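Good morning, colleagues. Please have the sequence and the structure in view while I speak.

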Amino acid sequence: MGQRDLGCPEILPLPHNLSAIISILKLMPPEIVALIDNPVLLAIVLTFGALLGAGAERLGENFNKRDRRAYWERRQQWRGRGNKGSTSGWQKSSAVPLKAMANRPTQDAAEQLRLVMEAQFNSCPLLNKSERRLLTYIDKALADLAPGWRAMAQVSLGEILASDDRDAFGAVNSKRVDFLIIDTECRPLHAVEFQGSGHHQGTAAARDAVKKEALRRAGIGYVEVVSGDTPADVRAMVQKLVARATFAHALLPVELRTLTPEQPATAHEPCPPAGSLS
């Protein structure tokens, strides 16, 4: 049995696909070949790539978490957001009021500020031409017939109504009335809705029915003024409201009458010039 010469290294057979590997290396950019030849630099590049990938994945998780939080907060707008207590007469309720519940923001204050700083804003009139004219007529009639009463425009129902039923309150919280007549203590007396020419399009009638029923249950009056009503019509409407309040005041026990606003004046002044709200 022949002895093996240990002084000569054994020549191992080359892999059968060596030519394919050499061809691939020739096609690679010189930068990649240089990385392969330098294991330390290759390890640094691979480590940096792994860290970059982990950071991108973490960032994606944060975005998903923010989306989930925004979705949860939108759902909480209609469920589980505390109570705005109901009131009995004008007594203070122990329930916590909910303000602007339907418009609760989904971003934090810093994100809101960023969005506002990047946006362009323009001022808009609170009332259109017909509504401004109606407010003038109402103010004039109140000054003549009920000096202690005032008219406010575009009042949110969430500021003048309260309910322990969260879902019911959420149904009316963001709704508004065109005008609200209040007394000297800023207590709501009557809502005035202006029905323009296109007011009853779509679901407007159903929305008005919701507001009207909520106001009725709270003991707040609801009247409508239609396009085409004259200043005399508006004055007559206000006069009816004043007469109704005067009658209700007369029915109160004597000891309670001093707790109500002063009785409206009854002096009549000439009506404003003829015209209409159209």
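Let me begin with a question: does K140 count as buried, partly exposed or exposed? With a relative accessibility of 37%, K140 counts as partly exposed. I should state at once that this is a predicted model.

K140 has a charged partner. Its salt bridge is with D144, and the closest N and O atoms are 3.8 Å apart. The two residues, D144 and K140, are 4 residues apart in helix α5, and are therefore separated by about one helical turn. D144 has a relative accessibility of 11%, so D144 counts as buried.

A related arrangement occurs in helix α4, residues 109-118, where R114 and E111 lie 3 residues apart, about one turn of the helix. Their side chains meet in a salt bridge at 2.5 Å, N to O. R114 is partly exposed because its relative accessibility is 35%, and E111, at 21%, also counts as partly exposed; the cut-off for buried is under 20%. A network of salt bridges links E111, R114 and E118. The count of salt bridges comes to 9. As a general remark, side chains of opposite charge can pair when their charged atoms come close.

I turn now to the sheet. Four strands make up an open sheet in the order β1-β2-β3-β4, and the pairing is mixed. Which strands stand at the edges? They are β1 (150-156) and β4 (221-226); each has a single partner strand, so one side of each is left without a neighbour in the sheet. From one strand to the next, the twist averages 30 degrees.

Strand by strand, β1 and β2 are antiparallel and pair over 6 bridges. Within that pairing, R150 has I182 of β2 as its bridge partner. Strand β2, residues 176-182, is also antiparallel to β3, residues 188-195, and 4 bridges join them. Here I181 has H190 in β3 as its bridge partner. Helix α7, residues 204-217, packs on the sheet and touches β2, β3 and β4. The direction of α7 makes about 165 degrees with that of β3.

How enclosed is β2? Of its 7 residues, 6 are buried, so β2 is largely enclosed by the rest of the structure.

The connection between β2 and β3 deserves attention. These strands form a hairpin with 5 residues between them, and C186 in the turn has a positive phi of about 60 degrees. In addition, D183 forms a salt bridge with R187, with the closest N and O atoms 2.9 Å apart. Both partners count as buried: D183 because its relative accessibility is 2%, and R187 because its value is 17%.

Finally, the interior. In soluble globular proteins, nonpolar side chains tend to be buried together. The largest nonpolar core in this model has 23 residues, of which I138, W149, V192 and M237 touch the most other members. Two or more residues come from each of α5 (129-145), β2, β3, β4 and α8 (231-251). Which element gives the largest share? That is α5, with 7 residues. There is also a second, separate core of 12 residues, including V177, I182, I220 and Y222.

I182 thus appears twice in this account: as the bridge partner of R150 and as a member of the second core. Likewise, helix α5 holds the pair D144 and K140 and gives 7 residues to the largest core. Thank you for your attention.

Notes
Residues are numbered from 1 along each chain as its sequence is written. This is a predicted model: local features need pLDDT of at least 70, side-chain atom pairs count only at pLDDT 80 or more; totals for chains, interfaces and linings use all residues. Side-chain values use heavy atoms; hydrogens and water are left out. Two strands pair if DSSP finds at least two bridges between them. Axes are lines fitted to C-alpha atoms, for helices over the stretch in contact, and angles run from 0 to 180 degrees between N-to-C directions. Contact means heavy atoms within 4.5 Å. A nonpolar core is a set of buried Ala, Val, Leu, Ile, Met, Phe, Trp, Tyr and Cys residues joined through side-chain atoms within 4.5 Å. Buried means under 20% relative accessible area, exposed over 50%, partly exposed in between (1.4 Å probe, protein chains only). A salt bridge is a side-chain nitrogen of Lys or Arg within 4 Å of a carboxyl oxygen of Asp or Glu.
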